[in-house]
Amino acid sequence: MARSKSSNSWLKEHFDDEFVKKSQDSGYRARSAFKLEEIIDKYNVLDGISAVVDLGAAPGGWCQVIQKKSPSTEFIIGLDLLPIEPIDGVEFIQGDFTSDEVYEVLLQRLGSRKIDLVLSDMAPNLSGMNAMDQPRCMLLAEMALEFCQQALQPGGAHVVKLFQGEGFDQHIQNMRQLFNKVVIYKPKSSRPRSREVFAVATGFK
């Protein structure tokens, strides 16, 4: 079956993309790795960390960045619905973060350990209907923030992907009640047309 014009256009844009090419050259599994690199370089969220949880980790690009930028980090867990090819030094859990069963597995893996940094690049499969997509996006962000309250140690940090729309301002307000500083950042490697931004929260209370 012949591809549609829109499909061909997307493929051309994808393979012409500066950050797709950079990810191929650098060995990163996804262009999204550069979003995290920019955030790390700007906000120093890796300073002094030893334990990280990456929610929505597939295909593993953010875990690769953590290893590159903070090679002394001794405990990295990535979680995603999709299978992830192994990375030395990273433990992956395949499952739905919104599932109580999978959440309990994650907590069991942590044991008594507290986390220095919780990353969340989670997003639902988008339908294109904002009235459906936005609440699902915000639910994932809320659940990641609840996990922070359970797993982060004082002074810890949280980086979460958000989509601007209904519930966004309230979520930022909720984050500011839990962290000393919260900033909104759109990396250069994020596609200009995308509504995504990242909230970078530091100094967990």
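**Entry 1: Ser190**

I looked up Ser190 before anything else and found that this residue is buried, because its relative accessible area is 3% and the cut-off for buried is under 20%. I note here that the model is predicted, and I keep this in mind for each entry that follows. Ser190 sits in the loop between strand S6 (179-185) and S7. I then asked which residues Ser190 touches, not counting residues up to four places away in sequence. I found Lys35 and Glu196. The side chain of Ser190 also makes a polar contact with the side chain of Lys186, at 3.3 Å. When I checked the C-alpha atoms of Ser190 and Arg31, I found them separated by 9.0 Å, although the two residues are 159 residues apart along the chain.

**Entry 2: helix H3**

Since Lys35 touches Ser190, I went on to the helix that lists Lys35 among its buried residues, H3. Eight of the eleven residues of H3 (residues 33-43) are buried, so I wrote down that the helix is largely enclosed by the rest of the structure. The buried residues are Ala33, Phe34, Lys35, Leu36, Glu37, Glu38, Ile39 and Ile40, and I noticed that this list includes Lys35, Glu37 and Glu38. Just after H3, I found that Asn44 takes a positive phi of about 55 degrees.

**Entry 3: aromatic pairs**

I counted the aromatic pairs in the structure and found seven. For Tyr28 and Phe34, the ring centres are 5.5 Å apart and the planes stand at 75 degrees, so I entered this pair as edge-to-face, given that planes over 60 degrees apart count as such. Tyr28 counts as buried at 9% relative accessibility, and Phe34 is buried too, with a relative accessible area of 7%. Trp62 and Phe198 form another pair, which is tilted, with 6.0 Å from centre to centre and 45 degrees between the planes. Where do Trp62 and Phe198 lie? Trp62 lies in helix H4 (residues 61-69) and Phe198 in strand S7 (residues 196-204), so the pair ties together parts that are 136 residues apart in sequence. I checked burial here as well: Trp62 counts as buried at 2% relative accessibility, and Phe198 is buried with a relative accessible area of 0%. I also noted that ring pairs link Phe97, Tyr103 and Phe147 into a cluster. Turning to a charged residue beside a ring, I found that Arg113 lies over the face of Phe75, at 4.2 Å from the ring centre.

**Entry 4: strand S1**

I next looked at strand S1 (residues 51-55), which is mostly covered, with five of its five residues buried. In a regular strand the side chains alternate between the two faces of the sheet. In S1, I saw Ala51, Val53 and Leu55 point one way and Val52 and Asp54 the other way, and all of them are buried. S1 pairs with strand S2 (residues 75-80) in the parallel sense over five bridges, and there Asp54 stands opposite Gly78. I followed the chain from S1 through H4 to S2 and recorded this β-α-β crossover as right-handed. S1 also pairs with strand S4 (residues 115-120), again in the parallel sense, over four bridges, with Leu55 opposite Ser120 in S4.

**Entry 5: strand S7**

I came back to S7, the strand that holds Phe198. S7 is mostly covered, as eight of its nine residues are buried. Does S7 run parallel or antiparallel to strand S5? I found that S5 (residues 152-163) and S7 run antiparallel and are joined by six bridges, one partnership being that of Leu162 with Val197 in S7. S6 and S7 likewise pair in the antiparallel sense over six bridges, and here the bridge partner of Ile184 is Ala199 in S7.

**Entry 6: the whole chain**

Last, I stepped back to the chain as a whole, which has seven helices and seven strands. Read along the sequence, their order follows the pattern α-α-α-β-α-β-β-α-β-α-β-α-β-β. Buried residues make up 51% of the 205 residues. Among contacts between residues at least 6 apart in sequence, I noted that 65% join residues at least 24 apart.

Key:
Residues are numbered from 1 along each chain as its sequence is written. This is a predicted model: local features need pLDDT of at least 70, side-chain atom pairs count only at pLDDT 80 or more; totals for chains, interfaces and linings use all residues. Side-chain values use heavy atoms; hydrogens and water are left out. Rings of Phe, Tyr and Trp (its six-membered ring) pair if their centres lie within 6.5 Å; planes under 30 degrees apart count as stacked, over 60 as edge-to-face and the rest as tilted. Buried means under 20% relative accessible area, exposed over 50%, partly exposed in between (1.4 Å probe, protein chains only). Helices (H or I, at least four residues) and strands (E, at least two) are DSSP runs, numbered from the N terminus. A charge sits over a ring if NZ of Lys or CZ of Arg is within 6 Å of the ring centre and within 35 degrees of the ring normal. Contact means heavy atoms within 4.5 Å. A polar contact is a pair of N or O atoms within 3.5 Å; within protein, one must be able to donate a hydrogen and the other to accept it, and residues adjacent in sequence count only if both atoms are side-chain atoms. Two strands pair if DSSP finds at least two bridges between them. A crossover is right-handed if, with the strands pointing away from the viewer, the path from the first strand over the helix to the second runs clockwise.
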